[in-house]
Amino acid sequence: MERPDILIRSARSNETELLARIGLEAWLGGIAPLVPDAVHRDVLRDNPFLPFLKTLGPAVLVGEIGDEPAGIGACEKADNTISDIWVAPAFGGRGVGSALIRALEREILGRGHTIARIQVAALNARAFSLYRHLGYLEDWRQVCFDPILKVELEKVGLSKRLRP
């Protein structure tokens, strides 16, 4: 069900810093507790959301509530894999993540794919629960090296059959 109070739009070049802060705040709440302190410090210092947003530009979707950006989402490789869903903690539980995922699913269908994929850290219970709630089913679970975080994490791959 679409929420009329949530607007989904493309990222604008003049809001890269703001959107990078949203990504970082969401990362601090969901992923930071799962990584060593050194990785945590590196992410705080370098904020990997800045180059991500600069590279993808308007391909990143923004979920907005009341004219305020509340979350971001993307399919980094423009395929059928949702690579990023990050919601500012202040907007958590208000449907922004769900709205972003649904919008990305529509983009995936528009690219001719009938299956959407997503990965999540197994211990990121809130995100894992959201994806399951939206109909994603677990395909695999394994410990693998995350090249961005430079750490081994248990990840879960999920997928969902999309219908036009």
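A disulfide is a pair of cysteine sulfur atoms within 2.5 Å. In this predicted model, zero disulfides are present. The cysteines C75 and C144 show why. The sulfur of C144 has its closest cysteine sulfur in C75, at 19 Å, which is too far for a bond. Seen from the other side, the closest cysteine sulfur to that of C75 belongs to C144, and the 19 Å between them again rules out a bond. Both residues fall under the 20% relative accessible area that marks a residue as buried. C75 is buried at 8% relative accessible area. C144 is buried as well, with a relative accessibility of 18%.

Strand pairing was examined next. Strand β6 spans residues 115-121 and pairs with strand β4, residues 81-82. The pairing is parallel and runs over two bridges. Within it, I82 has I118 of β6 as its bridge partner. Strand β6 also pairs with strand β8, residues 151-161. Here the sense is antiparallel, and seven bridges are found. I118 recurs in this second pairing, where its bridge partner in β8 is L158. I118 is thus bridged to I82 and to L158. In the same way, β6 is paired in the parallel sense with β4 and in the antiparallel sense with β8.

Aromatic contacts were then searched across the whole structure, and two aromatic pairs were found. One of them joins F49 and W86. Their ring centres lie 5.2 Å apart, with 85° between the planes, and the arrangement is edge-to-face. F49 belongs to helix α3, residues 49-56, whereas W86 belongs to strand β5, residues 84-87. The pair therefore ties together parts that are 37 residues apart in sequence. Both rings belong to buried residues: F49 has a relative accessibility of 6%, and W86 has a relative accessible area of 15%.

Y131 and Y136 also form an aromatic pair. Their centres are 6.5 Å apart and their planes meet at 65°, so this pair is edge-to-face. Planes over 60 degrees apart count as edge-to-face. Y131 is buried, at 6% relative accessible area. Y136 is buried too, at 1% relative accessibility.

Definitions and conventions. Residues are numbered from 1 along each chain as its sequence is written. This is a predicted model: local features need pLDDT of at least 70, side-chain atom pairs count only at pLDDT 80 or more; totals for chains, interfaces and linings use all residues. Side-chain values use heavy atoms; hydrogens and water are left out. Buried means under 20% relative accessible area, exposed over 50%, partly exposed in between (1.4 Å probe, protein chains only). Two strands pair if DSSP finds at least two bridges between them. Helices (H or I, at least four residues) and strands (E, at least two) are DSSP runs, numbered from the N terminus. Rings of Phe, Tyr and Trp (its six-membered ring) pair if their centres lie within 6.5 Å; planes under 30 degrees apart count as stacked, over 60 as edge-to-face and the rest as tilted.
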